[in-house]
Amino acid sequence: QMMFPKEFREKYIMSKTLGRFLTELCSCFSGACGEVKLAFEKSTCNKVAVKIINKRKFVASGLTDANPALNINTEIEILKKIDHPCLIKIKNFFEAEDYYIVLELMEGGELYDRVSRPIKMKEDTCKLYFYQMLLAVKVHNRSVTCWGALNYLHDNGIIHRDLKPENVLLSSSEEICLIKITDFGQSKILGEASLMKTLCGTPMYLAPEVLNSLGTAGYSRAVDCWSLGVILFVCLCGYPPFNEQNTQLSLKDQITHGKYTFIAKEWKHVSDMALDLVKKLLVVDPSKRLTTEEALEHPWLQDEDMKTTFQQLLAQTCTNMSPPETSKMPTTTRKRLHENEEEYGS
Ligand SMILES: N=C(N)N/N=C1\CCCc2cc(NC(=O)c3cc4cccc([N+](=O)[O-])c4[nH]3)ccc21
């Protein structure tokens, strides 16, 4: 039985495990160890979700770059600062022998479970979900730059780098619902400033990878657009574009050459416009891949009914919204990595 910190037990009553516990355990090897439990907030009797991230398994598996604890604290800082209807909202955070992240309940669970069902999702539902994912990723990048509290990131964006159906949560078991993106464990805070500064001086001491990276610098956020393309592909046709079953090419070769598997009968009822958008996201060259802004301009998303539905769903949540109590949350003290650290040739 997991021991919860005293201060945690004072505020919450723990209940059952939510979602796919087994897969959570298996994902321990991907470093994202932990499970999600239902809890009741004593003060309000409201239901909340608690994401528990094991510390020791994290470290024991010798996974993750640098220091996992640093990641978590950066992640918590990111979670605390972003505020968008399509990004998960953190309600509280406790650090004991494990990490306990208290969040809003997303009763629809993970998109992963929807796309795993035998019956495919309707194209209009895919469109409503995908539109919200684009807004989250787009606003995510922009809100960080125009965010007062975040302007110390020198007008840098945050890239998620791990977008997948497991990290897209649904607000209700209704098909027509809001989605929220979660798990910023692999996020990267970008800095352009540092690269520009580096180029001011003579490159006499500059490493080749920095000069070689000039062609692709500034396209790191395009990785999220590729992942969104894969998610849209799976939502529309029910099977993944790149998979190990394919015998001709290895998974790596399928991806690096953009060779997705096209099973005509699974795409028969999908519109040409939807397929066109997928094709323009699954482009190997990041500089030619659609950005989130360009994707939002794509004909498939010029659908007023879908946008009205989204606005109506938003309006419903505002009626029963409790004011955020983020001010009372404990701040994480640990020093953060240099925000404007730029990754090269990524
Ligand atoms: N790994 C990392 N470094 N950060 N990850 C994170 C940190 C941010 C919070 C977070 C939340 C989740 N997931 C949920 O909340 C969730 C799953 C789920 C399934 C069924 C029902 C409900 N529900 O009824 O609520 C569910 N809520 C998964 C990963 C992470």
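User: Buried means under 20% relative accessible area, exposed over 50%, and partly exposed in between, using a 1.4 Å probe and protein chains only. Which of these terms fits Lys47?

Analyst: This is a predicted model, in which local features need pLDDT of at least 70, side-chain atom pairs count only at pLDDT 80 or more, and totals for chains, interfaces and linings use all residues. Residues are numbered from 1 along each chain as its sequence is written, and side-chain values use heavy atoms, with hydrogens and water left out. Lys47 lies in strand β3 (strands are DSSP runs of E with at least two residues, helices are runs of H or I with at least four, and both are numbered from the N terminus). Its relative accessible area is 43%, so Lys47 is partly exposed.

User: Which residue forms a salt bridge with Lys47?

Analyst: A salt bridge is a side-chain nitrogen of Lys or Arg within 4 Å of a carboxyl oxygen of Asp or Glu. For Lys47 the closest N and O atoms of the pair are 3.5 Å apart, and the partner is Glu107.

User: Which parts of the chain does the pair of Glu107 and Lys47 tie together?

Analyst: Glu107 forms its salt bridge with Lys47 at 3.5 Å. The two parts are 60 residues apart in sequence, because Glu107 lies in the loop between β5 and β6 (109-110) and Lys47 in strand β3. Glu107 is exposed, with a relative accessible area of 53%. The parts tied together are thus the β5-β6 loop and strand β3.

User: What separates Lys6 and Glu10 along helix α1?

Analyst: Side chains of opposite charge can pair when their charged atoms come close. Lys6 and Glu10 form a salt bridge with the closest N and O atoms 2.8 Å apart. Lys6 is exposed at 55%, while Glu10 is partly exposed at 47%. They are 4 residues apart in helix α1 (residues 6-11), so what separates them is about one helical turn.

User: Which residues are joined into one network by salt bridges that share partners?

Analyst: The structure holds 14 salt bridges. One of them pairs Glu266 with Lys265, the closest N and O atoms being 3.0 Å apart. Elsewhere, salt bridges that share partners make one network of Glu77, Lys80 and Lys81.

User: Which residues come nearest to the ligand?

Analyst: A residue is near a molecule if one of its heavy atoms lies within 4 Å of it. There are 18 residues around the ligand, and those that come nearest are Glu75, Leu103, Met106, Thr182 and Asp183.

User: How many percent of the ligand's own accessible area does the protein cover?

Analyst: A polar contact is a pair of N or O atoms within 3.5 Å; within protein, one must be able to donate a hydrogen and the other to accept it, and residues adjacent in sequence count only if both atoms are side-chain atoms. Polar side-chain atoms lie 2.7 Å from a ligand nitrogen for Glu75 and 3.2 Å from a ligand nitrogen for Asp183, while a backbone N or O atom of Met106 lies 2.8 Å from a ligand oxygen. Accessible areas come from the Shrake-Rupley method with a 1.4 Å probe, and for residues only the protein chains shown count as cover. Of the 620 Å² that the ligand has on its own, the share covered by the protein is 95%.

User: Which element gives the largest share of the shell around the ligand?

Analyst: The shell divides into 10 nonpolar, 4 polar and 4 charged residues (Ala, Val, Leu, Ile, Met, Phe, Trp, Tyr, Cys and Pro count as nonpolar, Asp, Glu, Lys and Arg as charged, and the others, Gly among them, as polar). The largest share is 3 residues, and the element that gives it is β3.

User: What is the phi of Cys45?

Analyst: Most residues other than glycine have a negative phi. Cys45 sits in the loop between β2 (35-41) and β3, and is exposed at 62% relative accessible area. Although Cys45 is not a glycine, its phi is positive, at about 65 degrees.

User: To which backbone oxygen does the side chain of Gln132 reach?

Analyst: Gln132 is found in helix α6 (residues 123-146). It is buried, with a relative accessible area of 0%. At 3.2 Å, its side chain reaches the backbone oxygen of Leu128.
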